[in-house]
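Got the viewer open and the selection box ready? Here's a walk through the model, one stop at a time.

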Amino acid sequence: MRQPAPPSESKSLPPQNHRWLRARKARPTRFTVFFSAYLSCGLLLAAFALRPSRVGAQADDQVRFNIKNPGQSLFKLAIPQGLGDPQNGALSQEVLSRDLALSGFFEVLDPRSFLANVQKEELGIGPDAWRSVNAAGVIKARLTVTGGEMRAQFRLFEVVKGDSPVLSKDYTGPPSDARHLIHRFAADVVKYFTTEDAFFATQIAFSQRSGKAQEIVVMDWDGAAQHKVTSNGSQNLLPSWSPGGGGLLYTSFIRGTPDLWSVALGGKPKRVSTQPGLNTGGVYSPDGSKIALTLSKDGNSEIYLLNADGSIIKRLTSNSFIDSSPTWSPDGSQIAFVSDRYGSPQIWVMSSSGAGQTKLTRKGNYNQEPAWAPRPINGQSLIAFSARDEKGNYDVFTVNSQTQEIVRLTENRGSNNHPTWAPNARALAYLSSRGGIWVATADGKTERQVHRGDAEGPTWGPLPKGR
């Protein structure tokens, strides 16, 4: 694996001079001072399959996934266009294909290869026609609207089991719920094969330019249903989700200074932390009782632990260098962060009490934006981060928090940064110089663009309760 090279002097790269963070305590009353610093720092403050198990001879054994055995062939799945209304039929094919291809468990076959007469088969299958194109599974759908109500019918077949569906679901709802119903069946397919909850009902928040302002925007994970959470005409940055997904933390300059705010989705924003200087990169602990936050009230960027109401519990880091971008371990016992205390930004880890601060990355000289996977992946506790390579591009990597092993996920696809995990840790979203927000499977092998417009600081929300 090629590691990031020494700092480049290219003007397109973030500057190495972070003295503005270490300078003596200033009075940050003007937006221009801090927003210019924010931009020049390049978001440093924000954050410096599987294959069917074949253990036995029975058909059931041939299609159950061994989800702890990564790197093997994926389950080949055919998803023809749905029946019924052509527009909704095309939508069902698009949404199901995107969901399941990015779940990390399936290879979705090219519809151009299909030989079966889908219209004649209706909601059934002729196994031989699908076996001939190497499909291990087939999904059929029919979406119809009658009297202002949509009926969505879905069938999953395992070709080895013949022409009887192994999973049949019929859902109803208003026509506007079409995407939701399709996501729901995709999640049922994942649950059927793996017993895991999928991320198809989740959302991603990010900051987006709106004229001279930046507003917080929330969208479905696949880019649909975008809507603004803030509309105050100021600079609103670096959103992060509450554990239950009902609200967000973010930094806003609405009062002229970079304060930490919270907002319940559909509710009214309120200030949480108004310490002098920067109040940025706030993230809730997994239980929602605490907030880890970067403050510069001491004249230097340090990580603090706050109560959920914004009152300070304790200062976690204390040195003359930059410490920023905290991210919690799934159990809340540890915090990973970025520090340049040894000369360049690296990923560090410490106890949530601030004890045992240890350098985690020792390769590369510009590692930043850590995001701790919300659960172990194949027994590994992974932290995603971005790092600069020898070409001056940023790419997404993971580091094992126990072994310090580093794996590169993106390469030769432009510049990619600010990774954020899906709640089941089977996928990541990140920014790309190719435009907007992209989502990839956790191994980086399959990716899709989910948002084409301007975006900064994406953060993937938790799975809604009851989904």
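In what order do the four strands of the open sheet that includes β15 line up? Select them and you'll read off β14-β15-β16-β17, paired antiparallel. Look at the edges: β14 (279–284) and β17 (312–315) each have a single partner strand, so one side of each has no neighbour in the sheet. Between neighbouring strands here, the average turn is 25°, direction ignored. Keep in mind throughout that this is a predicted model.

Now zoom in on the middle of that sheet. Select 290–295 (β15) and 302–307 (β16): six bridges pair them in the antiparallel sense. For one rung of that ladder, pick isoleucine 291, whose bridge partner in β16 is leucine 306.

Stay here and show side chains for 302 and 315. Glutamate 302 and arginine 315 make a salt bridge, with their closest N and O atoms 3.1 Å apart. Arginine 315 sits in β17 and glutamate 302 in β16, so the pair ties together parts 13 residues apart in sequence. The two ends have their own surroundings: glutamate 302 is buried at 0% relative accessibility, while arginine 315 is partly exposed at 31%. Add Lys297 and Asp298 to the selection, and you have a network of Lys297, Asp298, Glu302 and Arg315, joined by salt bridges that share partners.

Next, move along to the hairpin. Select 323–328, which is β18: six of its six residues are buried, so the strand is largely enclosed by the rest of the structure. Its antiparallel mate is β19 (residues 334–339), joined to β18 by four bridges. Threonine 327 has alanine 336 in β19 as its bridge partner. Five residues separate the two strands of the hairpin, and in the turn glycine 332 has a positive phi of about 75°.

Head back to residue 252. Is serine 252 buried or exposed? It's buried, with a relative accessible area of 0%, and its place is in strand β11 (residues 247–252). Its side chain makes a 2.7 Å polar contact with the side chain of asparagine 236. A polar atom of the serine 252 side chain is also 3.2 Å from the backbone nitrogen of isoleucine 254. Serine 252 touches several residues over four places away in sequence, including Asn232, Thr257, Asp259 and Trp261.

Time for more salt bridges; the structure holds 23 of them. Try arginine 155 and aspartate 170, where the closest N and O atoms are 2.9 Å apart. Arginine 155 is in β5 (residues 149–158) and aspartate 170 in β6 (residues 167–173), 15 residues apart. Arginine 155 is buried at 15% relative accessible area, whereas aspartate 170 is partly exposed at 37%.

Then select 179 and 222. The side chains of arginine 179 and aspartate 222 meet in a salt bridge of 3.0 Å, N to O. Aspartate 222 lies in the loop between β8 (213–220) and β9 (227–228) and arginine 179 in helix α8 (residues 178–194), so the pair ties together parts 43 residues apart in sequence.

Last stop: the open sheet of β26-β27-β28-β29, four strands with antiparallel pairing. Its edge strands are β26 (416–421) and β29 (447–451), each pairing on one side only. Neighbours in this sheet are turned by 30° on average, direction ignored. Four bridges join β28 (residues 437–441) to β29, and tryptophan 438 has glutamine 449 in β29 as its bridge partner.

How values were computed:
Residues are numbered from 1 along each chain as its sequence is written. This is a predicted model: local features need pLDDT of at least 70, side-chain atom pairs count only at pLDDT 80 or more; totals for chains, interfaces and linings use all residues. Side-chain values use heavy atoms; hydrogens and water are left out. Two strands pair if DSSP finds at least two bridges between them. Axes are lines fitted to C-alpha atoms, for helices over the stretch in contact, and angles run from 0 to 180 degrees between N-to-C directions. Buried means under 20% relative accessible area, exposed over 50%, partly exposed in between (1.4 Å probe, protein chains only). A polar contact is a pair of N or O atoms within 3.5 Å; within protein, one must be able to donate a hydrogen and the other to accept it, and residues adjacent in sequence count only if both atoms are side-chain atoms. Contact means heavy atoms within 4.5 Å. A salt bridge is a side-chain nitrogen of Lys or Arg within 4 Å of a carboxyl oxygen of Asp or Glu.
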